[in-house]
Amino acid sequence: MAEQHIYTQVSSYQVLQRDFSTNSALVKQASGIIQSFPVGGPYQINNASNVLVGDIWVLAGQSNMRGNAFYVDPWTDPPNKRTYPDYVNDMIHLFQSNETWNKGTEPTHRLDQSIRQVNYDISDPSVSMKNYHNYRGVSSGMAFATAYREHNSDVPVGLLPSAHGGTTMDQWSPDLLEATKNPYNTTLYGAMLGRIDKATAGSQKIAGILWYQGESDAADTCLASQYKENLGSWINTTRSTLNNEQLPFVYVQIARLAIVRNDQDEGWNQVRNGQRLLNDNDNWDKERIGAVASIDLEMDDYIHLSAKGLTTVGQRMAITATNALKSKASISSPTFDSVQFEERLAARNENNDNIDTSSKYATQATLLVKFKNVNKWKSRDDGVFGFTLHDSSGNLLQVLYKTEIQQDKKSIRLFLTYDAETLDTNDLFLYYGYGMNPICNMETTEGMGLLAFGPIPVQLNY
């Protein structure tokens with residue numbers, strides 16, 4: 001067992017990462033005495049006030065992690081009232097963009113106050129547009145911290161924002177540390193590491209990393225095709241860099257893109273499915289790494305989730321992060337398991353008297369889709385949306401006329417038209433959440449969204 005870290009420097013409002021084996025933090029007092037502080041607070045430590053002992057989570061990625069939701073819904077909110085309040089909790093603290101600790105609040109990111117040059121070198125409207133933070137900026141951060149505390153015996157939480165809008169995996173590459181002058185100031189990855197080092201007083205001790213990124217990679221099929229491998233490599237490198245090969249990592253599968261042209265379908269499919277496959281990979285650390293869905297959530301514009309949507313993302317990440325700490329992240333999000341063709345005779349009597357059982361008009365042909373990590377699907381009065389069939393060129397095959405949640409509340413049945421019998425069964429693929437802007441609504445009764453998937457080969461055995 002690694003020796004517990006001893007903090008020698010503490011600042012006001014700082015969150016000290018607890019040691020999970022002792023549920024405490026060790027601090028060397030000004031007197032030279034090493035004192036143990038249990039999870040909780042606030043503590044007065046030397047000259048530092050309001051110090052907490054709990055869990056620190058890094059927020060990294062691009063604009064949906066940085067937070068781009070409106071504070072006010074102009075269609076429902078009374079004047080001067082925010083849908084998302086200026087929430088402050090004494091047990092949730094924030095390592096601000098100016099790199100000082102304070103009470104937690106939205107916006108979690110104020111990149112216009114950053115002390116790292118990279119946040120000015122890479123375009124981001126929250127930096128270039130004056131007062132941007134006054135009308136947009138809600139992230140999933142505070143919602144995550146609030147829900148995480150509920151799942152973890154009210155442990156204090158420290159948020160360490162490090163996201164930047166409109167960025168690709170290449171721009172987050174750890175390789176830039178070696179290829180760039182002053183990388184801790186001029187690269188995203190270096191800036192994140194620098195912020196971790198400063199926020200933790202050099203200990204680099206954190207509970208885990210929350211990641212929401214991939215939209216920019218989805219715009220380029222070359223980047224999209226490499227996303228799964230790039231993200232996996234990024235996680236492994238970051239764990240090694242922070243000397244924690246089991247560091248929990250929770251990431252969000254990208255949502256939607258609503259634009260006129262539809263030339264990015266393949267890229268969005270590749271990134272989403274890569275994120276799912278990384279989550280489902282049996283040869284991967286499924287117990288400390290997990291994904292959550294966002295494709296079913298409300299948006300505020302063509303690509304950014306609303307405050308309501310981000311609140312749900314935060315709650316889903318909190319469930320997955322909690323499971324990751326218990327080494328069971330793989331049970332968090334519902335994900336595809338299998339699809340099977342089933343055909344059944346629709347007869348009025350048990351003996352099938354005078355029925356031509358070979359007639360297609362006497363049967364119903366369906367696809368039964370099963371999932372992992374589903375206790376019960378939430379009932380849908382508005383119908384079930386998101387499942388489609390396509391050929392290898394991406395063409396939509398209009399052969400589904402009904403989708404139903406089955407009696408077991410765990411599986412889905414897709415009903416096929418008669419034309420499905422004419423399809424090339426070797427060129428047929430099932431998707432949930434195809435392309436840039438699908439309408440999806442699968443959610444469990446626990447509030448976890450189904451991870452988008454596809455292409456999944458389908459065999460029609462008529």
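**Exercise 1. Is aspartate 280 buried or exposed, and what is its relative accessible area?** Place this residue in its element and list what it touches.

Solution. Bear in mind as you work that this is a predicted model.

- Step 1: Find the element. Aspartate 280 belongs to helix 11, which spans residues 265–280.
- Step 2: Take the accessibility. The relative accessible area of aspartate 280 is 15%. Buried means under 20%, so aspartate 280 is buried.
- Step 3: Look for contacts. Leaving out residues up to four places away in sequence, aspartate 280 touches Lys286, Thr335 and Phe336.

**Exercise 2. Which unit does helix 11 make with strand 13 and strand 14?** Work out how the two strands pair, and then where the residues of strand 14 point.

Solution.

- Step 1: Follow the chain. Strand 13, helix 11 and strand 14 form a β-α-β unit, and this unit is right-handed.
- Step 2: Check the pairing. Strand 13 (residues 249–252) pairs with strand 14 in the parallel sense, over 4 bridges.
- Step 3: Pick out one bridge. Tyrosine 251 has alanine 291, in strand 14, as its bridge partner.
- Step 4: Recall a general point. In a regular strand, side chains alternate between the two faces of the sheet.
- Step 5: Apply it to strand 14 (residues 289–292). Ile289 and Ala291 point one way, Gly290 and Val292 point the other way, and all are buried.

**Exercise 3. What is the strand order in the open sheet of 3 strands?** Identify the strands at its edges too.

Solution.

- Step 1: Read off the order. The sheet is open, with the order 1-3-4 and mixed pairing.
- Step 2: Find the edges. Strand 1 (6–7) and strand 4 (34–38) each have a single partner strand, so one side of each is left without a neighbour in the sheet.
- Step 3: Look at one pair in detail. Strand 1 and strand 3 run parallel and are joined by 2 bridges. Here tyrosine 7 stands opposite valine 27 of strand 3.

**Exercise 4. Which residues are the closest to the centre of the largest pocket?** Describe its lining, and do the same for the second largest pocket.

Solution.

- Step 1: Begin with the volume. The largest pocket has a volume of about 670 Å³.
- Step 2: Go to the centre. Arg18, Asp19, Phe20, Lys205 and Asn244 are the closest to it, out of 26 lining residues.
- Step 3: Sort the lining. The lining of the largest pocket holds 12 nonpolar, 9 polar and 5 charged residues. Strand 3 (residues 24–28) gives the largest share, 3 residues.
- Step 4: Turn to the second largest pocket, which holds about 280 Å³ of space. Of its 21 lining residues, Ser63, Gly166, Tyr302, Ile303 and His304 are the closest to the centre.
- Step 5: Sort this lining as well. The second largest pocket is lined by 7 nonpolar, 10 polar and 4 charged residues. Helix 1 (63–66) and helix 8 (215–218) each supply at least two residues, and the largest share, 3 residues, comes from helix 1.

**Exercise 5. How many cavities of 30 Å³ or more are there?** Go through the lining of the largest and the second largest.

Solution.

- Step 1: Count. There are 3 cavities of 30 Å³ or more.
- Step 2: Take the largest cavity, with about 90 Å³ of space. Among its lining residues are Ser97, His109, Leu111, Val118 and Arg195.
- Step 3: Assign elements. Helix 2 (118–121) and helix 7 (188–199) give two or more residues to this lining, and helix 7 gives the most, with 3 residues.
- Step 4: Sort by class. The lining of the largest cavity has 6 nonpolar, 5 polar and 1 charged.
- Step 5: Move to the second largest cavity, of about 50 Å³. Its lining includes Arg66, His109, Asp112, Tyr132 and Arg136, and divides into 2 nonpolar, 5 polar and 4 charged residues.

**Exercise 6. Where is arginine 380 found?** Give its accessibility and its contacts.

Solution.

- Step 1: Locate it. Arginine 380 lies in the loop between strand 16 (363–372) and strand 17 (387–390).
- Step 2: Classify it. With a relative accessible area of 25%, arginine 380 is partly exposed.
- Step 3: List the contacts. Setting aside neighbours within four places in sequence, arginine 380 is in contact with Ile405, Asn441 and Glu443.
- Step 4: Add a distance. Arginine 380 and glutamate 404 are 24 residues apart along the chain, and their C-alpha atoms are separated by 9.2 Å.

Note on methods. Residues are numbered from 1 along each chain as its sequence is written. This is a predicted model: local features need pLDDT of at least 70, side-chain atom pairs count only at pLDDT 80 or more; totals for chains, interfaces and linings use all residues. Side-chain values use heavy atoms; hydrogens and water are left out. On a 1 Å grid over the protein atoms alone, a cavity is a set of points where a 1.4 Å probe fits but cannot get out, and a pocket is an open set with protein on both sides within 12 Å along at least five of seven lines; lining residues have an atom within 4 Å of a point. Grid points are joined across faces, edges and corners, and a volume is the space filled by probe spheres set on the points. Ala, Val, Leu, Ile, Met, Phe, Trp, Tyr, Cys and Pro count as nonpolar, Asp, Glu, Lys and Arg as charged, and the others, Gly among them, as polar. Buried means under 20% relative accessible area, exposed over 50%, partly exposed in between (1.4 Å probe, protein chains only). Two strands pair if DSSP finds at least two bridges between them. A crossover is right-handed if, with the strands pointing away from the viewer, the path from the first strand over the helix to the second runs clockwise. Contact means heavy atoms within 4.5 Å.
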